[in-house]
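Colleague: Please take one part of this model and go through it closely, with the cut-offs behind each term.

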Amino acid sequence: MTLRVVIADDEDLIRTGLRIILDSEPDLEVVGEAADGAAVLPVVRRERPDVVLMDVRMPALDGIRATERLLALDDPPKVLVVTTFENDDHVYDALRAGASGFLLKRTRPDDLVQAVRLVATGESLLFPAAIRALAGRPGRPSVRVPGIDRLTGREGDVLRLMTRGLSNPEIAAALVVSPETVKTHVGNVLAKLGARDRTQAVIAAYESGFVSPTG
């Protein structure tokens, strides 16, 4: 199956470079581009991509608002933020808006390709230290997250390990249970928190105070 990708970035050079990298892969195809956030939605509606590579800082409409609009669609694509600075609050806001993960523009081509494949299959691209640092910015308010108090003890253990970026097999090894059991727990955590994916669950864990960004 070929994964369809749309690139949203206001820099022509960046869009061209990303297109060359992705189109060189047999299972990836760039089906559209947008030079500002306001142009992303019509391109996505027309092309129905699996993944959108989204810059966060664009004219007309930034990547945060554009992400919100995309994820309000009936069958939304996965959004992968591509940014210059990992400690940018815009990145955190895009993740809160529903982006599945982020990459730096200096990322190696092989890592970019793998990231697109990863988010397309429903897995999040977590950078635990970066997300923890962004969540722990001074002045960031605590947020009530409905459902977090309904987690069982084991589901809470799984969520804590998710905030460290552990995969299901790694969580299974840490808790001495089967990967299938972990998969069930992860599904329950996402359902109870109303989280779209692991990234959203991790952000909810930090914002609710369930896990402290300062360790």
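Modeller: What follows is a close look at helix H10, and then at a helix whose surroundings share a neighbour with it.

The model is predicted, so local features need pLDDT of at least 70 and side-chain atom pairs count only at pLDDT 80 or more, while totals for chains, interfaces and linings use all residues. Residues are numbered from 1 along each chain as its sequence is written, and side-chain values use heavy atoms, with hydrogens and water left out.

Helix H10 spans residues 198-207 (helices are DSSP runs of H or I with at least four residues, strands E runs of at least two, numbered from the N terminus). Arg198 is found in this helix and is buried, with a relative accessible area of 10% (buried means under 20%, with a 1.4 Å probe and protein chains only). A polar atom of the Arg198 side chain lies 2.9 Å from the backbone oxygen of Leu166.

Gln200, also in H10, counts as buried because its relative accessibility is 12%. Leaving aside residues up to four places away in sequence, Gln200 touches Leu95, Arg96, Gly98, Ala99 and Ala195 (contact means heavy atoms within 4.5 Å). Two of these neighbours also make polar contacts with the Gln200 side chain (N or O pairs within 3.5 Å, one able to donate a hydrogen and the other to accept it; residues adjacent in sequence count only if both atoms are side-chain atoms): the backbone oxygen of Leu95 lies 2.7 Å from a polar atom of that side chain, and the backbone oxygen of Ala99 lies 3.2 Å from one. By contrast, Gly147, 53 residues away from Gln200 along the chain, has its C-alpha atom 13 Å from that of Gln200.

UniProt, in an unreviewed entry, lists residues 144-209 as "domain: HTH luxR-type", an annotation that may be inferred rather than shown by experiment. Over that range the chain is 67% helix and 0% strand, with the end C-alpha atoms 9 Å apart.

The contact with Leu95 leads to helix H4 (89-97), which is among the elements that cover the buried residues of H3, together with helix H2 (40-47), strand S3 (51-54) and strand S4 (78-83). In H3, residues 63-71, the buried positions are Gly63, Ile64, Ala66, Thr67, Leu70 and Leu71. Seen down the helix axis, these buried residues fall within an arc of 165°, so they line one face of H3 (the arc is that of the directions from the axis to the C-beta atoms). At the start of H3, a side-chain oxygen of Asp62 reaches to within 3.0 Å of the backbone nitrogen of Ile64.

Technical notes: Buried < 20%, exposed > 50% of the residue type's maximum accessible area, 1.4 Å probe, protein only.
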